[in-house]
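This briefing covers internal cavities and the surroundings of one asparagine residue. The points are grouped by topic below the structure.

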Amino acid sequence: DDDLNTPRAIDAVFDAIRRGNGALDEGRPDDAAPLVAAVRSMLDTAPSRISEQRPDDRRPLYAAADFGRLDIVRLLLQRGADPTWPDADSSDRGAALHAAARRGDREMVELLLKHNADPNGFVNASGNAVYAGKTPEIRRLLEAHGGFLDPYDLVWKGEDDEVMRGVLESTLLDPDEVEALVTAEAGGSALFASRFREPAARALL
């Protein structure tokens with residue numbers, strides 16, 4: 001076995017997570033279970049490994065969530081992993097919750113939220129966890145914990161009516177004024193803003 005204090009062992013936890021996930025995908029749960037013990041042993045030997053980052057900045061918690069390994073996510077959280085640690089893909093507020101939401105794993109999402117994961121933390125250009133949520137149920141769960149989508153995200157999800165409803169509920173603007181505002185502040189073009197004229201009119205009804 002590699003000495004856990006050497007550079008060669010940087011990927012030890014990640015390799016265990018990946019092997020365990022492969023075993024599950026191949027229908028070999030008995031082969032995956034010992035790998036949880038392997039991760040536990042690594043952390044017993046070198047506790048700091050829990051926050052260690054690969055060259056791409058990815059931490060073990062993000063990797064476990066991305067592979068759908070709830071058992072290892074739970075272990076890492078029990079050992080003190082913080083889901084808001086900066087992670088890979090320019091995720092200043094963590095990426096594990098985003099990965100769990102993207103997979104539609106409600107149990108994992110709930111577990112991460114219990115450990116104060118931030119539903120509004122962005123992952124690169126992929127939006128926050130609410131935006132990434134695979135199902136309406138996941139999205140509602142995240143919104144119940146303070147997550148939200150800004151107007152720009154709603155636009156890209158095709159929810160123009162929701163954008164206009166929010167704007168018109170908070171202002172006294174008429175549809176023409178809304179179009180001018182969106183042109184100036186969001187799209188930068190009349191073509192972008194023109195798509196809002198009809199939703200704005202409907203929102204006034």
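In this predicted model, the count of cavities of 30 Å³ or more comes to 2. The largest encloses about 60 Å³, and the second largest about 40 Å³.

**Largest cavity**
- Its lining is made up of Ile-50, Arg-59, Leu-61, Tyr-62, Asp-82, Pro-83, Trp-85, Asp-87, Gly-94, Ala-95 and Ala-96.
- By class, these lining residues are 7 nonpolar, 1 polar and 3 charged.

**Second largest cavity**
- The residues lining the second largest cavity are Pro-83, Arg-93, Gly-94, Ala-95, Leu-97, His-98, Ala-117, Asp-118, Gly-121 and Ala-129.
- This lining divides into 5 nonpolar, 3 polar and 2 charged residues.
- Pro-83, Gly-94 and Ala-95 appear in the lining of the largest cavity and also in that of the second largest.

**Asn-128: position and burial**
- Asn-128 sits in the loop that runs between helix H6 (106–114) and helix H7 (129–132).
- Its relative accessible area is 1%, so Asn-128 counts as buried, the cut-off being under 20%.

**Asn-128: contacts**
- The side chain of Asn-128 makes a polar contact of 3.5 Å with the side chain of Asn-120.
- The Asn-128 side chain also reaches the backbone nitrogen of Val-130, at 3.1 Å.
- Beyond its neighbours within four places in sequence, Asn-128 is in contact with His-98, Pro-119, Asn-120, Gly-121, Phe-122, Phe-148 and Leu-149.
- Among these contacts of Asn-128 are His-98 and Gly-121, two residues that also line the second largest cavity.

Methods: Residues are numbered from 1 along each chain as its sequence is written. This is a predicted model: local features need pLDDT of at least 70, side-chain atom pairs count only at pLDDT 80 or more; totals for chains, interfaces and linings use all residues. Side-chain values use heavy atoms; hydrogens and water are left out. Helices (H or I, at least four residues) and strands (E, at least two) are DSSP runs, numbered from the N terminus. Buried means under 20% relative accessible area, exposed over 50%, partly exposed in between (1.4 Å probe, protein chains only). A polar contact is a pair of N or O atoms within 3.5 Å; within protein, one must be able to donate a hydrogen and the other to accept it, and residues adjacent in sequence count only if both atoms are side-chain atoms. Contact means heavy atoms within 4.5 Å. On a 1 Å grid over the protein atoms alone, a cavity is a set of points where a 1.4 Å probe fits but cannot get out, and a pocket is an open set with protein on both sides within 12 Å along at least five of seven lines; lining residues have an atom within 4 Å of a point. Grid points are joined across faces, edges and corners, and a volume is the space filled by probe spheres set on the points. Ala, Val, Leu, Ile, Met, Phe, Trp, Tyr, Cys and Pro count as nonpolar, Asp, Glu, Lys and Arg as charged, and the others, Gly among them, as polar.
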